[in-house]
Amino acid sequence: MTDAQAAQSTVSADGRTIGEVVMEMKNITLRFGGVVAIKDISFDIREGEIRAIIGPNGAGKSSMLNVISGFYHPQEGEVFYKGQKRPSMRPFEVARQGIARTFQNIALFEGMTVLDNVMTGRLNHMHTNMVQQALWWGKAQKEETENREVAEKIIDFLEIQAIRKTPVARLPYGLKKRVELARALVAEPSILLLDEPMAGMNVEEKEDMSRFILDVNDEFGTTIALIEHDMGVVMDLSDRVVVMDYGRKIGDGTPDEVRSNQEVIDAYLGVAHD
Amino acid sequence: MAPTSHDVGVFASIPALLDRNAQRFASKSAYREKEFGIWQSWSWVETKEEIEALALGLISLGVTPGDFIAIIGSNRPHLYWVFPAAQMIGAIPVPIYQDSAAEEMAYVLDHCGARFVVAEDQEQVDKVIEVQDRLSQFEHMIYLDPRGLRKYDHAKLHEYSHVQAMGRAAIDELMPELKARKAKLTQDDVCVMLYTSGTTGKPKGVVLSNRNIIETSKNSSEFDDLGPGDEVLAYLPMAWVGDFIFSIGQAFWSGFCVNCPESPETMVTDLREIGPTYYFAPPRVFESQLTQVMIRMEDAGRIKKWLFDTFMAHARKVGSKILDGETVNGWDRFKYALGNLFVFAPLKNSLGLSRVRVGYTAGEAIGPEIFDFYRALGINLKQLYGQTEASVFITQQPDGQVRSDTVGVASPGVELKIAEDGEVFYRSPGVFEYYYKNPESTASTKDAEGWVATGDAGFIESDTGHLRIIDRAKDVGKMEDGRMFAPKYVENKLKFYPNILEAVLFGSGRSECTAFINIDLNAVGSWAERNNIAYSSYQELAGHPKVLESIRAHVEEVNESVARDDMLSGCQIHRFVVLHKQLDPDDGEITRTGKVRRRIVDEKFADIIAALYDSSDEISTRTEVTYEDGRKGYISATLKIVTAKTVTTAAPKAVAAE
């Protein structure tokens, strides 16, 4: 894709607006000691799109997501966010820039209720200090009400009202995943990173989650980057797909382009029949 | 403040009552809905403003008197407001079951020729769009929840709030028109059209007039002394006549507040928060609530379990008597009060039934055990018997005359008569006008003098005047040897066991009775968990030998009890199967209100029924199932045919000696 193309916004077939490039990875290489996890990968994420990263186990997908979220710092290469080169940042600084994520292995506070977990996602929108919050007076009270309102809207959006006051530990896996998504969403991110959002789900839960991901993208215009194993899901959901294998990028394009890419077929999808 | 009988002649329609309420009850809450975790409420004045804005918007969309406006969605104030809004501009509201598949919806929408549809959300909008090509008269659709609908073609699609805004903008211009149309409404005009789900054939459109609804609402409100201070939770399908009478008819007549839950899943929490004073639930809801309580008590500590068992035993002894105002000695009263402190009050509170002053159950027979449980707790639960064609009320139980085996005495204004073949007939101010576009059915149901056939067989107890229903008149049959076959009677006995969700009895024209049984996944699942029985699916659990064994024990107990009834002793179950799937309205096996469609079950499971009568041990079968989105699939299973012990009644003396 040329820069001229990338600069102009397009409207996809279903009426969504895909905007300019918001994040660009340039020649990223990430090593752990002698192991090369990511080797010279470049790709970009455009505003409002659903971008998938796929690949076999150990291909470096999660590492890639961790580079985006600022958890790993690549030895070589640069990350551009909204046109600016991003300096080496710590994860909370990245979060403040409007990038939220969910985790492959659910990382919720098990003993807390769903509502409390979701409210933690508002941390970056709170400006009062601990003493003010403990006294719950004036500004702190107003702030909590505002944050609760955002949280309730997301709870409504993801249809988890019935478990609002349930401790997370008592929830089934599929719902925990949804709560995690809720916590990421209340941060009102401009980019949402989803690490295997459907792993371990049954067909019905997958359908629900797919619907929610599409709705989030559609309703809030959130840019979504996701890693997923389920090929059906990836091909249905995403606008563009990056394929990784052994830390290298072996394909990049629309689901159809990727599906017909011979190298991708060999590496990951298996040999196509007829 | 309370409405008086005098209002009947003065207020000829629901919109007229709305005007009265906005004046009389003004700032009192009329509707509440929980949204974003908070109860939002609308006073009668605000409700009137919202409804009129919608009505004006509908006029500017081109609604003319006589148009049908379909309403599809769950219980939400905005959808309830469509009823009076439609009525005040001369249109006829037609609520449709929101869980209907697109096909069923197409039939109803086409049959009434709805020009306008008000749908709750994307799910309902999609269903209507799917079938709209077949609907020649369909023009505009209004949706309430805009989520996911932004990209849809809005040529025929309008957002609810936009229609209201349109109405508010045109208030000066259209208000005279609205007033003129409202002034024209009379008692004889159509108030609402409701489709009966029907256990046979296609749904029929029951046309109810303003007189039907207002007279019935007045009579029934006075019967139970309902007033503006009452609270109801609206959670039953809006397309069901009961919900229309409770949440619109009686609510507008008495001026009480209708509360809408946040979502169907939060019903239990919302019930607890609102604490309704007037409550209706089908037996199924009471059953599953009781099952939940029992399951949790099984897991409770020893002291709590002891407290519960001891005081519940006492409550069963004296609870209903205290409720009915009978004489109970001081010690028993003291013990009951103690039980109330430790067990009943907290339990009622956690069930959300603390404030219930009048509770009703209807639709199906309720198990005496279940009924007595709630009565013993001090909840004034009563039974009523009704139909869409009667604007609900035919008979109901007055306070102090409550029993589990009757459906009460004739409601105010209702006359009853029993035909020679045992079928129950009634005549009342609530009797429907006609079936829409179906004069044959109207003629066969309602005679020239206004008597309506209920289709149920029953008798009136000579000493108490209470009506007892035996079964659907057409389901009552004869067995091969001429003995009476009344399936519902036996099925109800079976369904009173928490483990059994549904049962279907066969035996008409045959020598022996057999049955299908559906297990209750909640109750049996919890039992399996406690007994370390692993299962991966409903089907596997339903076929587990231990489950079959426990169901057989239930069947044998029922056989013993059936054998004691001289008339029906032939209905003992000789063999049964536990079905591999739950009977489901999506597959047409039961109606949306949960009644078995016998003809469809007979056809669909013909192979299994045959196996019940040809002395096979098991039967392999393949059944078509319909998923919620309308797709079809198959499930295969091998079902074991279980033989149950029956009691020989040919020698009744031997039984007595046992």
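Chain B of this predicted model is divided into domain 1, which takes in residues 12–210 + 237–249, domain 2, which covers 283–472, and domain 3, which covers 477–657. Between domain 1 of chain B and domain 2 of chain B, the C-alpha centres lie 32 Å apart. The contact between these two domains takes 14 residues from domain 1 of chain B and 12 residues from domain 2 of chain B. On the side of domain 1 of chain B that touches domain 2 of chain B, the elements that give two or more residues are helix H6 (102–112), strand E8 (190–196), strand E9 (204–209) and helix H11 (241–254) of chain B. The largest share of that side, six residues, comes from E9(B). Sorted by class, this side of domain 1 of chain B has eight nonpolar, five polar and one charged residues.

Helix H6 of chain B, which gives residues to that contact, also has buried residues, namely Glu104(B), Met105(B), Ala106(B), Val108(B), Leu109(B) and Cys112(B). What covers these buried residues of H6(B) includes strand E3 (68–72), strand E4 (92–96), helix H7 (122–131), E8 and E9 of chain B. After H6(B) comes Gly113(B), whose phi is positive, near 65 degrees.

A second helix of chain B, H12 (residues 267–274), has Asp270(B), Leu271(B) and Ile274(B) buried. Which side of H12(B) do these residues take? They lie on the same side of H12(B), because they cover an arc of only 105 degrees around the axis. The buried residues of H12(B) pack against strand E1 (29–35), strand E10 (231–233) and strand E11 (257–260) of chain B. Just after H12(B), Gly275(B) takes a positive phi of about 55 degrees.

Strand E1 of chain B, against which buried residues of H12(B) pack, pairs in the antiparallel sense with strand E2 (residues 38–43) of chain B, over six bridges. Within that pairing, Glu33(B) stands opposite Gln40(B) in E2(B). The two strands E1(B) and E2(B) form a hairpin with two residues between them, and Phe36(B) in the turn has a positive phi of about 50 degrees. E1(B) also pairs with E11(B), here in the parallel sense and over three bridges, and the bridge partner of Tyr31(B) in E11(B) is Val258(B).

Chain A holds an open sheet of four strands in the order E4-E3-E6-E7, with antiparallel pairing. Strand E4 (35–46) and strand E7 (84–85) of chain A stand at the edges, each with a single partner strand, so one side of each is left without a neighbour in the sheet. Strand E3 (residues 21–32) of chain A and strand E6 (residues 76–81) of chain A pair in the antiparallel sense over five bridges, and Lys26(A) stands opposite Glu78(A) in E6(A). Helix H2 (residues 61–68) of chain A lies across E3 and E4 of chain A and runs at about 120 degrees to E3(A).

The strand pairs described above can be set side by side.

| Strand pair | Sense | Bridges |
|---|---|---|
| E1(B) and E2(B) | antiparallel | six bridges |
| E1(B) and E11(B) | parallel | three bridges |
| E3(A) and E6(A) | antiparallel | five bridges |

Chain A and chain B also touch each other, in a contact that takes nine residues from chain B and 13 residues from chain A. By class, the side of chain B that touches chain A has one nonpolar, four polar and four charged residues.

Definitions and conventions: Residues numbered from 1 in each chain as written. Chains lettered and ligands numbered in written order. Predicted model: local features only at pLDDT ≥ 70, side-chain atom pairs only at ≥ 80, totals over all residues. Pairing = 2+ DSSP bridges. Contact = placed C-beta atoms within 7 Å. Axes fitted to C-alpha atoms, helices over the stretch in contact; angles between N-to-C directions. Domains from an automatic or database assignment. Nonpolar A, V, L, I, M, F, W, Y, C, P; charged D, E, K, R; others polar. Buried ≥ 20, exposed ≤ 12 C-beta atoms within 10 Å, placed from the backbone. Arc of directions from axis to C-beta.
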